[in-house]
Amino acid sequence: MMSVMKTGTKSSKKAPPRRAKVLPTTFTVRDMNRDTATVLNACRQHGRVLVRNRTGEEFAITPVQTAATPAGPKPDFLERMRLHRERMREMGVRGPTTPEGIEHVNRIIAGEI
């Protein structure tokens, strides 16, 4: 029935701000099987989590920090990208960072070029 439906007016109440989810430090084997990502995220957040099985045994999981793998792209990749950008500029490719470049991309998308 139409009379039962809401009118669609918006409420003046604001949604409460989202809070960061606090992850527990102890999980079960079932949690590991069903939601492994949450267990690993808690491990990253806390530095160590415990996984308890049905018999009461607890196992500690800790992330391994390796110094051999630096964060960020490899230097050879950055050099290859720099050379690629130079070759593209030599071929006349204009980047969309200038207003003319943005207009050029817009014309390509519109099918004018």
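Helices here are DSSP runs (H or I) of at least four residues and strands are DSSP runs (E) of at least two, both numbered from the N terminus. With that in hand, here are the views of this predicted model.

**View 1. The whole chain, read from the N terminus, runs β-α-α-β-β-α-α.** That order is made up of four helices and three strands. Of the 113 residues in the chain, 9% count as buried. The exposed surface comes to about 10500 Å², and carbon and sulfur atoms supply 57% of that area. As for contacts in the chain with a separation of 6 or more, 18% of them are between residues 24 or more positions apart.

**View 2. Six residues make up the largest nonpolar core.** The members to look for are L23, F27, V39, A42, C43 and V49. Helix 2, which spans residues 36-46, gives the largest share of this core, with three residues.

**View 3. Here we zoom in on A42, one of the residues of that core.** Leaving aside residues up to four places away in sequence, A42 touches L23, P24, F27, G47 and V49. Among these neighbours, L23, F27 and V49 are also on the list of core residues.

**View 4. R80 pairs with D76 in a salt bridge.** Side chains of opposite charge can pair when their charged atoms come close. For R80 and D76, the closest N and O atoms are 3.7 Å apart. A salt bridge needs a side-chain nitrogen of Lys or Arg within 4 Å of a carboxyl oxygen of Asp or Glu, so the pair makes the cut. Both residues sit in helix 3 (residues 75-90), four residues apart, or about one turn of the helix. D76 counts as partly exposed because its relative accessibility is 48%. This pair belongs to a structure that holds five salt bridges in total.

**View 5. R82 forms a salt bridge with E79.** The closest N and O atoms of R82 and E79 are 2.5 Å apart. About one helical turn separates the two, because they are three residues apart in helix 3. With a relative accessible area of 33%, R82 is partly exposed. E79 is partly exposed too, at 36%.

**View 6. R82 also meets E86 in a salt bridge.** For this pair the N to O distance is 2.4 Å. R82 and E86 are four residues apart in helix 3, again about one turn of the helix. E86 has a relative accessibility of 31%, so it counts as partly exposed. Through shared partners, the salt bridges tie E79, R82 and E86 into one network.

**View 7. F77, L78 and M81 make a nonpolar patch on the surface.** The patch covers about 250 Å². F77 is found in helix 3, the helix that also holds R80 and D76. F77 counts as partly exposed because its relative accessibility is 37%. Patch residues need over 30% relative accessible area, so F77 clears that cut-off.

How values were computed: Residues numbered from 1 in each chain as written. Predicted model: local features only at pLDDT ≥ 70, side-chain atom pairs only at ≥ 80, totals over all residues. Heavy atoms only, no water. Buried < 20%, exposed > 50% of the residue type's maximum accessible area, 1.4 Å probe, protein only. Core = buried A, V, L, I, M, F, W, Y, C linked by side-chain atoms within 4.5 Å. Contact = heavy atoms within 4.5 Å. Areas by Shrake-Rupley, 256 points an atom, 1.4 Å probe, with all protein chains shown as cover. Patch = residues over 30% accessible without salt bridge, like charges linked within 9 Å, V, L, I, M, F, W, Y side chains within 5 Å.
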